[in-house]
Amino acid sequence: NEDEIIDSCPSAVECRLLGGECINCNFNKSCVYGSEITVVCQPKRGIICSGERKFQRSMICRYCYQTYKWEHTCHGTPHCRMAGSPRPRYIANCSVHSEIICLGRRRFPKNLLCNWTSGHRWTTSLILSITLGGFGADRFYLGHWQEGIGKLFSFGGLGVWTIVDVILIAVGYLKPADGSVYIW
């Protein structure tokens, strides 16, 4: 694993420009979480680079698993084809981007919310509910066909059911019948 990291590190660049996976830094583990600190770093053994081998970098005091979602990339196969409340979760394997320096392991598991969708748009559902809700078009679109038939033959519950569905879709309570989430 260490050899793969060394092979992925660029050579013939300045040492201070190497990514976080290619350097070792002396961390003060008693730093205050969230504060910006300066650490002394050097390339890992076996890495060839130019310039000073010891250099300073600034970083935010935090562990790698505490980085913001745009500072790491997660991969995994979510098995999320299920309805449920609360929404189910899955474990993904995440890696911190190379320009980020953080404490702990740069690769870590993360518990993510399932975000499975079957292609239903919230805006489409809302527009259908407002314009054709009296005929059950919103319920048919979302896969609630039994309620759609009821709305069709009752003319939207004489308007009451239509207004209630507009509100339920607008606040995100009424979702697709298969348990998936909307595409926003």
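This is a walk through the structure shown above, from its overall division to its sheets, its disulfides and its annotated spans.

The structure is a predicted model, in which local features need pLDDT of at least 70 and side-chain atom pairs count only at pLDDT 80 or more, while totals for chains, interfaces and linings use all residues. Residues are numbered from 1 along each chain as its sequence is written, and side-chain values use heavy atoms, with hydrogens and water left out.

Let us start with the overall division. The chain is split into domain 1 (1-61), domain 2 (63-116) and domain 3 (122-171); these bounds come from an automatic or database domain assignment. Taken over C-alpha atoms, the centres of domain 1 and domain 3 are separated by 58 Å.

Now turn to the strands. Strands (E, at least two residues) and helices (H or I, at least four residues) are DSSP runs, numbered from the N terminus. Two strands count as paired if DSSP finds at least two bridges between them. Strands of a sheet pair through backbone hydrogen bonds, either parallel or antiparallel.

One open sheet has three strands in the order S1-S2-S3, and their pairing is antiparallel. At its edges stand strand S1 (23-26) and strand S3 (55-60), each with a single partner strand, so one side of each is left without a neighbour in the sheet. On average, neighbouring strands of this sheet are turned by 45° against each other, direction ignored. For such angles, axes are lines fitted to C-alpha atoms (for helices over the stretch in contact), and angles run from 0 to 180 degrees between N-to-C directions. You can trace the pairing of S1 with strand S2 (residues 36-43), which is antiparallel and spans four bridges. To see one of these partnerships, find Asn 26, whose bridge partner in S2 is Val 40.

Another open sheet is built from three strands in the order S4-S5-S6, again with antiparallel pairing. Here strand S4 (72-75) and strand S6 (107-113) are the edge strands; each has a single partner strand, so one side of each is left without a neighbour in the sheet. Neighbouring strands of this sheet are turned by 40° against each other on average, direction ignored. Strand S5 (residues 89-96) and S6 run antiparallel and are joined by seven bridges. If you look for Asn 93, you will find Pro 109 of S6 opposite.

Next come the disulfides, meaning pairs of cysteine sulfur atoms within 2.5 Å. The structure holds six disulfides, and we can visit some of them in turn.

Cys 15 and Cys 49 are joined with their sulfur atoms 1.9 Å apart. This link is right-handed, with 85° about the S-S bond. The pair connects distant parts of the chain, 34 residues apart: Cys 15 sits in the loop between helix H1 (2-8) and S1, and Cys 49 in the loop between S2 and S3. Are these cysteines buried or exposed? Buried means under 20% relative accessible area, exposed over 50%, and partly exposed in between (1.4 Å probe, protein chains only). Cys 15 has a relative accessible area of 0%, so Cys 15 is buried; Cys 49, at 14%, is buried too.

Cys 25 and Cys 41 form a disulfide with sulfur atoms 2.0 Å apart, and the link is right-handed with 100° about the S-S bond. Cys 25 lies in strand S1 and Cys 41 in strand S2, 16 residues apart. Both Cys 25 and Cys 41 are buried.

Cys 74 is joined to Cys 94, S to S 2.0 Å. The torsion about their S-S bond is about 100°, so this disulfide is right-handed. Cys 74 belongs to strand S4 and Cys 94 to strand S5, 20 residues apart. Cys 74 is partly exposed, with a relative accessible area of 27%, whereas Cys 94 is buried at 1%.

Finally, we reach the annotated spans. UniProt positions are given in the numbering used here, feature names are shortened, and annotations may be inferred rather than shown by experiment. An unreviewed UniProt entry places "domain: TM2" at residues 119-167. That span is 78% helix and 0% strand, and its end C-alpha atoms lie 21 Å apart. The UniProt annotation "transmembrane region", from an unreviewed entry, covers residues 152-174. Residues 152-174 are 74% helix and 0% strand, with end C-alpha atoms 18 Å apart.
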